[in-house]
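Please work through the following exercises with the sequence and the model at hand. Each task is followed by a solution in steps.

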Amino acid sequence: MGRKGSPRSPQAEGGSRAASPPSPLWALPEELLLLICSYLDAQALGRLAQVCRRLRFLSSRDVLWRRIARGCLNSGFTQLGTDLAAGIPVKERVKVSQNWRHGRCRRETVLKWKCNLMPWMELDGEYLYLSQAENIQAYHLCAEGSGLELHPQAIFSGHQEDVCRFVLVNSHIVSGGGDGSVVLHKIHGSYSVKFSAHEQEVNCVDFQGGLIVSGSRDRTAKVWSLSAGRVGQCLHTVQTEDRVWSIAISPLLSGQLLTCLGTDFHRGAGVLDVFYETPSLLLSCGYDTYIRYWDIRTSTRKCVQEWEEPHDSALYCIRSDKNHMIASGSSYYGVVRLWDKRQTRCLQSFHLSSPTSSPVYCLRFSTTHLYAALASALHVLDFTAS
């Protein structure tokens, strides 16, 4: 008796393999597929992308990653959901965000200078503006990587002594200098204005809506007009009990002194930097080693949250992503720290000053890079390199 074989399938008899029936998943409208995928976390979306090309495309849609990104560090989304980096795919930002959280980056020193300075800088799209002695220089950022072009594309001058601080607002640079003057430059043009503002050096300035505010070592803060026919006219003077190291205009732009924050500061606990996240939320840091988070809707006497620098160093500068991450620069050993507002301790720290000790005078960051200006060098941390 011969061996009984299994029956042959119709596909085998026909010599070709019939196409498998379409998955019921693809019969759903795209809106429902996106709704289903919206319940997945980052790891599940990554695994889904490995199934097939169609799911890879679907799982990479910005709408699926936006919710995840809003919970990440420095992903380009503010607390209110505003996207500050709309040109970069959200999935890529979430990936880079993990490097920020775990401190994975490539360090590079992109500029050095011979004399010790107290530089300040601003980051604006493809350009980095850096004060060096009495000038402000505009460097073009390289298209790939974290470097700068060697030579500045523009130089803004006007001060007789070193620039203390400057701001970049609406294509205008406003700077305060050691000569007691305030200078305004229009970036795309030759227009500039200079006027004597204080009896001593201008430590800080801010500019918004046709108003300039300045603070000085002479213990005054002043409000200046930029309206036609009144350029450089002092509108108001605020007398203080100590030197004014940092100043900021509220985004509400009321033009009036609203309140004073805090009542229990020790003498000498000066504020060195202030950063507004929203009209009612702001961060401050200074000599007493604390980062403070203020909500002026609830109280002006006490901050709502604070973090202490672990090595008891003064904090010279501060910035946030307007969501979860804070970056601070310390007065010793060029230490940059990253903080998560949802945690009480420092998340990551980077020591940039070697072999000599130098404060971090200023820092700025994008979703991919952090720039830190020390006494004699500009350092860059590239978080796209894991």
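The exercises concern a predicted model and proceed from the whole chain to individual residues and pairs.

**Exercise 1. The chain as a whole**

Task: State how many helices and strands the protein has, and characterise its burial, its contacts and its accessible surface.

Solution.
Step 1. The protein has six helices and 24 strands.
Step 2. Of its 386 residues, 46% are buried.
Step 3. Among contacts with a separation of 6 or more, 48% are between residues 24 or more positions apart.
Step 4. The accessible surface comes to about 20,800 Å², and carbon and sulfur atoms contribute 50% of that surface.

**Exercise 2. The buried side of helix 2 and of helix 5**

Task: Determine which residues of helix 2 are buried and which residues of helix 5 are buried, and establish how each set is arranged around its axis.

Solution.
Step 1. In helix 2, the buried residues are Leu-33, Leu-34 and Cys-37. Because these residues cover an arc of only 95° around the axis, they lie on the same side of helix 2.
Step 2. The cover over the buried residues of helix 2 includes helix 3, helix 4 and helix 5.
Step 3. Helix 5 spans residues 62–69, and its buried residues are Leu-64, Trp-65, Ile-68 and Ala-69. Their arc around the axis is only 130°, so they too are placed on the same side of helix 5.
Step 4. Helix 2, helix 3 (42–48), helix 4 (53–59) and helix 6 (90–102) are included in what covers the buried residues of helix 5.

**Exercise 3. A nonpolar surface patch**

Task: Identify the residues that make the nonpolar surface patch of about 580 Å², and classify Leu-32 by its accessibility.

Solution.
Step 1. The patch is made by Leu-25, Leu-28, Leu-32, Leu-35, Ile-36 and Tyr-39.
Step 2. Leu-32 belongs to helix 2, which comprises residues 30–37.
Step 3. The relative accessibility of Leu-32 is 39%, so Leu-32 counts as partly exposed.

**Exercise 4. Two buried polar residues in strands**

Task: For Gln-137 and for His-172, give the place in the fold, the accessibility class, the polar partner of the side chain and the contacts beyond four places in sequence.

Solution.
Step 1. Gln-137 is in strand 4, residues 135–140. Its relative accessible area is 14%, and Gln-137 is therefore buried.
Step 2. The side chain of Gln-137 makes a polar contact of 2.5 Å with the side chain of Tyr-139.
Step 3. Apart from neighbours within four places in sequence, Gln-137 is in contact with Leu-128, Tyr-129, Leu-130, Gln-132, Pro-152, Ala-154 and Ile-155.
Step 4. His-172 is in strand 7, residues 172–177. With a relative accessible area of 19%, His-172 is buried, because the class requires a value under 20%.
Step 5. The side chain of His-172 reaches the backbone oxygen of Asn-170 at 2.8 Å.
Step 6. Not counting residues up to four places away in sequence, His-172 touches Val-167, Leu-184, His-185, Lys-186, Ile-187 and Phe-207.

**Exercise 5. Salt bridges**

Task: Locate the pairs Glu-201 and Arg-217, Lys-341 and Glu-277, and Asp-340 and Arg-342, and decide whether Lys-341 is buried or exposed.

Solution.
Step 1. The whole structure contains 16 salt bridges.
Step 2. In the salt bridge between Glu-201 and Arg-217, the closest N and O atoms are 3.6 Å apart. This pair links distant parts of the chain, 16 residues apart: Glu-201 is in the loop between strand 9 (192–196) and strand 10 (202–208), and Arg-217 is in the loop between strand 11 (211–216) and strand 12 (220–225). Arg-217 is partly exposed, at a relative accessible area of 31%.
Step 3. Lys-341 and Glu-277 meet through their side chains in a salt bridge of 2.6 Å, N to O. The two residues are 64 residues apart, with Lys-341 in the loop between strand 20 (335–340) and strand 21 (346–351) and Glu-277 in the loop between strand 14 (271–276) and strand 15 (281–286).
Step 4. Lys-341 is buried, with a relative accessible area of 8%; Glu-277 is buried, with a relative accessible area of 8%.
Step 5. The side chains of Asp-340 and Arg-342 form a salt bridge at 3.0 Å, N to O. Asp-340 has 2% relative accessibility and counts as buried, whereas Arg-342, at 45%, counts as partly exposed.
Step 6. Arg-101, Asp-340 and Arg-342 are linked in a network of salt bridges.

Notes. Residues numbered from 1 in each chain as written. Predicted model: local features only at pLDDT ≥ 70, side-chain atom pairs only at ≥ 80, totals over all residues. Heavy atoms only, no water. Helix = DSSP H or I, 4+ residues; strand = E, 2+ residues; numbered from the N terminus. Buried < 20%, exposed > 50% of the residue type's maximum accessible area, 1.4 Å probe, protein only. Polar contact = N/O pair within 3.5 Å; in protein donor to acceptor, adjacent residues only side chain to side chain. Contact = heavy atoms within 4.5 Å. Areas by Shrake-Rupley, 256 points an atom, 1.4 Å probe, with all protein chains shown as cover. Patch = residues over 30% accessible without salt bridge, like charges linked within 9 Å, V, L, I, M, F, W, Y side chains within 5 Å. Salt bridge = Lys/Arg side-chain N within 4 Å of Asp/Glu carboxyl O. Arc of directions from axis to C-beta.
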